Amino acid sequence: MMRHPRLWMGLLSCSALSQAQAAWDVNMRPGVTEVSRSVFDLHMTIFWICVAIGVLVFGAMFWSMFAHRRSRRPQPAHFHENTRVEVLWTVIPLLILIAMAVPATRTLLHIYDPSEPDLDIQVTGYQWKWHYKYLGEDVEFFSNLATDRNAIGNQAPKNDHYLLEVDEPLVIPAGAKVRFLVTAADVIHSWWVPELAVKKDAIPGFINETWTRVAEPGLYRGQCTELCGKDHGFMPVVVEVKAPADYAAWLAGKKAAAAEATAQAGKAWTLEELVAQGERVYRTACVACHQPTGEGLPPAFPALKGSKIATGPKEGHMNIVIDGKPGTAMAAFGKQLSDVDLAAVITYERNAFGNALGDSVTPQDIHAFRQARETGQGMQPAQPQ
Amino acid sequence: MSAVIEPGHTAHDEHPHGPARGPMRWVLTTNHKDIGTMYLWFSFTAFLLGGSMAMIIRTELFQPGLQIVQPEFFNQMTTMHGLIMVFGAVMPAFVGLANWMIPLMIGAPDMALPRMNNFSFWLLPAAFGLLVSTLFMEGGGPNFGWTFYAPLSTTFAPESVTFFIFAIHLMGISSIMGAINVIATVLNLRAPGMTLMKMPLFCWTWLITAFLLIAVMPVLAGVVTMMLMDIHFGTSFFNAAGGGDPVLFQHVFWFFGHPEVYIMILPAFGAVSSIIPTFARKPLFGYTSMVYATGAIAFLSFIVWAHHMFTVGIPVTGELFFMYATMLIAVPTGVKVFNWVSTMWRGSLTFEAPMLFAVAFVILFTIGGFSGLMLSIAPADFQYHDTYFVVAHFHYVLVPGAIFGIFASTYYWLPKWTGHMYDERLARWHFWLSFVGMNLAFFPMHFVGLAGMPRRIPDYNLQFADFNMVSSLGAFLFGATQLLFLYIVIKCIRGGEPAPAKPWDGAHGLEWSVPSPAPYHTFGTPPEVK
């Protein structure tokens, strides 16, 4: 944990280390797409223009501070106007800016052209995870932070991809123009992958378009960049670019897994199976707010341990998990989780943290609950406050 | 430009009397000097409070992992740090300077509306008392960033958000009243012969700032009122589920927010435009163009707001308009910087503390201007937006910009306020430690931002660890150094070498025609300005 030796070594041999590791990176990386490279070029051009102007202006200042000190020049000059230079230093910067605006406009128009995509993916920001839906392919999944919570709490070592690793990355095919339709389910998020130079705000009620085309397979990491609440710093984006054949195989595998999960919903689940599955679901979907101990972070995030709902009738418990509580951070997980996962996590909550009800909610119960609600006979969804 | 001084009309007006006795002096005072002093102390208190929050933030970010605070509290700290620094430290400091100096600079006996002046100050402790008390409420204080984007600040906000809204309303009322007072004073109470184009630039920049305040504070009040309606009265201005528009919030907020950043820097431009000529012993270069450049910046500030929103998905024509308009701001800002450099050129320079801060202001504010120009390039902004590069940018314009401007002003006018010279040796220590600390704290933020570190996160990947540690060390140095500033000011109030009426040989202006310390009442009879 103590990084002081590296800090001082780094200060001494900054450039040598920066070759070896990213820790002393001082600049944007050019990235891996045509767009990211043209953005990088713009960045470097405007940077060097600023450096040139800075050298001139600061050079004049430092020269003046050296040569025009009172000890060297007891008598100051008295000039205080010169229309010609005033016009010059208004017009010349204007011309530089116009020269800069031309390539910037060209790049912007290119970025703003998401037409003729090969693949559409809907990206939805949730507190605090990303959901990816392959439009027309019937494949969708959540992508959650995979970093061990003990590493965040400094009880376990941190790896190189600390906070930048997910349980399931977004997979896209190399060489294809992929269009992202970006939106959010709760608050505003922002989807950013630096190496692709793609950053777009995910806004509830809006669908923003953006796109990328990555030539080479690889793994690219980014983060949410719009403050979205407590775990804003803990919802990374990972994009895995696969060769087209590998992508096709991956997609087929996802579809088969989805069919398998549907089949699983019909089987008879034991309490133990549900609790085991439910613990896995809890770790990804619930733990951020309700905490590993089930004690929550009251008052914003209530405890499940001994709570009235989690130890009360099954209907009430199903109701809050499936429909959420509007006006709070409790999302409607009915839209996010399968019947199996809902049944499992509810069963887990009723049999963990000292809640020992011993009963179970089955996927069939969830299915029946949803059916009843659709026909208007079940419990009404919770009303807004 | 600077006025010719008519000696003789100084301390004694028709009914000479000093301040009232006892603590009620401060509660009931209508004296611009008393109110200015209270504003300045209030501002410094807020600066230390907001600074302590920055210390908590930098301690948490000293190493990767969560050490001292949880994310929920971290977000409250970033939010309150921003709100307190913007509304509690920088803005009241400039109002304090305006209260003290504008009447002295234009030969007025007081501010034009002294009772309102008292009220606009005393609203501030109430507003900030409310705001800070939210930290102790159930559910915690505001945790949605100082920009409080809906719906995080409405549907998903802690209960205390209502107190936050009321506090913002009070601050807005206070600012608007302060601005009306400055405008009324500058337009009506100038001494005979003190034409607008003879005023010190500080009066000009404050006049323009006051118009900005009157234009945008009601917009801020409007946006928080819409939040209040959404939270308590069932409207859906910003709630997409009810047909509302979360992006509308950002448009309204930044229509306030962009002029706001100029509200925080224009008065500093004015003060520096007095200080550099004094220590260069040479008149300000291009006074007229300075005035016009300030006006141009103020105008442009109203048509660039969406450059804070390049990633929200506004149409490409909108992106282009806001990109071009933003780039244009570099022109009048450049004119100002070139004028300051030309003022120094072939002068006879000395580097007392006010000049050190003023020169650092010009250099470091320009660095902040360069990163601002980079941010204006919309396609590049897609990479910079909401990263530490932005944090570096606005701290470079606010810390060595606004705050160094305030330090420079304080040292420049402290002899006039207290009647004593401050300790020059300690003041230089204050400068150099602040300069080193501030650059150590904020320069590495450019690097981690470009390398991909988002802002407002309590924990980060290991690749950002080393520069964050450097940043934290710099921030601790900068923070601790401000206690030295407190010591220097108290020492100067308590004693020191007596200050003459004009302690700086190169200074010009009516404020130097009255004795030091400035008598409780000045210019009871207006001076004649030729």
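**A long kinked helix and the A–B interface**

In chain B of this predicted model, helix α3 runs through residues 71–106, and its 36 residues reach 50 Å from the first C-alpha to the last, close to the 52 Å expected at 1.5 Å a residue. The helix carries a kink of about 35 degrees, and B:M85 lies at its centre. As for its surroundings, α3(B) is largely enclosed by the rest of the structure, because 34 of its 36 residues are buried. Just after the helix comes B:G107, whose phi is positive at about 75 degrees.

The wider setting of this helix is given by an unreviewed UniProt entry, which annotates residues 20–530 of chain B as "domain: Cytochrome oxidase subunit I profile". Across that range the chain is 68% helix and 0% strand, with 35 Å between the end C-alpha atoms. Confidence in chain B averages a pLDDT of 94, and 97% of the residues score at least 70. Residues 1–14 of chain B, however, fall below a pLDDT of 50; this stretch nevertheless has 36 contacts in the model beyond near neighbours in sequence.

Turning to the partner chain, the model as a whole scores ipTM 0.91 and pTM 0.90. Contacts between the chains involve 87 residues of chain A and 84 residues of chain B. On the chain A side, at least two residues each are supplied by α1 (4–12), α3 (34–67), α4 (83–111) and β7 (198–202). The residues of chain A that touch chain B comprise 47 nonpolar, 23 polar and 17 charged.

Key
Residues numbered from 1 in each chain as written. Chains lettered and ligands numbered in written order. Predicted model: local features only at pLDDT ≥ 70, side-chain atom pairs only at ≥ 80, totals over all residues. UniProt positions renumbered as here; feature names shortened; annotations may be inferred. Helix = DSSP H or I, 4+ residues; strand = E, 2+ residues; numbered from the N terminus. pLDDT = per-residue confidence, 0-100. Contact = placed C-beta atoms within 7 Å. Expected span 1.5 Å × (residues − 1). Bend = angle between axes of the 7 residues up to and from the residue. Buried ≥ 20, exposed ≤ 12 C-beta atoms within 10 Å, placed from the backbone. Nonpolar A, V, L, I, M, F, W, Y, C, P; charged D, E, K, R; others polar.
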